[in-house]
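Please examine the chain shown here. How can the descriptive terms applied to a structure be justified from computed values?

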Amino acid sequence: MLTREDNDLLCRVEGDAPMGQIMRRHWIPACLSEEVTEPDGTPLKLRLLGQDLVVFRDTSGRLGALDALCPHRRAPLYLGRNEECGLRCLYHGWKFDVAGNVLEMASEPPGSRMIERMRHKAYPVHEAAGFVWVYLGPPDEQPEFLAPPWAPAEDTRISIVKMQVRCNWAQVLEGAIDSAHSSTLHSTDMPSAPVDGAKATGTAWPRPSTDRSPKLEVQRTEWGFRYAAIRRPIFEPEHNDYIRITVFIAPFTALIPPNNRYNLAQAIIPVDDTHTMFHFIAWHPTDGIDQTAWRAFCAAQPGIDLGEDWLPLRSPDNRYWQDRQAMRLGSFTGIKGIPTQDMAMWEGMGPIADRTREELGLSDLAVAQFRSQMVRAARAFAAGQGAIGTGASRVTPATLRSFEGIVPKGTDWRGMGTVPAGTHRGLNASRAKASI
């Protein structure tokens, strides 16, 4: 369990909160490219870390991210006119380019020199891997943009589910790195089967184990950690282990064990203290799954499963459309879609979970590691040290991979996966203790 003070350090991201300030030192996937595809299209209202922004693509195709309110009288720019390489406020006609320069001040008299000294707050943007990325931190600490794990090459096939979750980001991230829950909560969608590794069909992800109580081992790094969930396989359990390796890249990325068709990643971005944007990413160099099929599989289709602002129509108010008859006929949860099953658990904990009242077990080793590492990182940042995952502790994300497979007993899992040689900077090969 955590103290109330440590829980706040872990969860709070708004304003000067250390955790939010850590995230501001990283490039943040702020929205999907598909949300701002059209030059001179509708400006996008956006909220990150409790801060309101407007993102738009101008006439020439350049992207801009500005503070959401006009610096003149604080009118909303997301309602503005996107025209002739600038965003024009509806209130008095002030117009801004993607860099925040004031192009016109229609309400000011001719010859006014006010336009020469005015500049609206703009933020660096970068478009890559299906996202528009924004940097919100101090200019002198802005890092070079590095391709994320799900885009090791420019032509990587990428499909993205996006859903807004009505709770704090840490609840969502802990779900991403909790391998033990998948054997129970997702048992209908991830059934045990006589297969030689994790598979992906159009309706399920069969796995080669009936073991619901994995043994967890952690490999700490300066940028996060890797951990293995070790289970008994269905075939020859006396000789083999079934191993699933998950990677946490601080502060908000998790690489989930793959299947035979695509790799999996999650980017978990705080909207504010009590809301989160959950991105579930399927990718593969050549195969994968197309965007429409991926969203249908996850029951996360805009206009069908999701309303405005990516909010799921399944919610606590309607019990996530839980089908009790389906449960009687074999569905474990009666809830459609792996992400929605998770969401029902995350949101059911409350806007910010009370971790002072928990009783953790050995299966929570990765969760305990995440909490201790990120609370330490928040304390270190507040004391004047650098943000975790920046500077000397930074890793190239596209070199990291998760892993799953059946291997001979005694195999050292720390050498598994496809992390190229020379990218293990900061790895501590010693096993983590279960301090829970």
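The questions and answers below concern this predicted model.

Q: What makes the chain as compact as a globular protein of its length?
A: The secondary structure comes to eight helices and 19 strands. The radius of gyration of the chain is 23 Å, and the globule rule gives 22 Å for 436 residues; the two values are close, so the chain is as compact as a globular protein of that length. Along its principal axes, the C-alpha trace spans about 85 × 50 × 45 Å.

Q: Why are D6, N7, L9, L10 and C11 of helix α1 called buried?
A: Buried means under 20% relative accessible area. These five names, D6, N7, L9, L10 and C11, are the buried residues of α1, which covers residues 4–11. Contact means heavy atoms within 4.5 Å, and the buried residues of α1 pack against α2 (18–24), α4 (169–176) and α8 (365–382). In the chain as a whole, 56% of the 436 residues count as buried.

Q: How do you know that β6 and β7 pair?
A: Two strands pair if at least two bridges are found between them. Two bridges join β6 (residues 86–88) to β7 (residues 95–96), and the strands run antiparallel; the criterion is therefore met. R88 stands opposite K95 in β7.

Q: Why do β5 and β8 stand at the edges of their sheet?
A: The open sheet has four strands in the order β5-β6-β7-β8, with antiparallel pairing. β5 (81–83) and β8 (102–104) each have a single partner strand, so one side of each is left without a neighbour in the sheet.

Note on methods
Residues are numbered from 1 along each chain as its sequence is written. This is a predicted model: local features need pLDDT of at least 70, side-chain atom pairs count only at pLDDT 80 or more; totals for chains, interfaces and linings use all residues. Side-chain values use heavy atoms; hydrogens and water are left out. Buried means under 20% relative accessible area, exposed over 50%, partly exposed in between (1.4 Å probe, protein chains only). The radius of gyration is taken over C-alpha atoms; the globule rule is 2.2 Å times the number of residues to the power 0.38.
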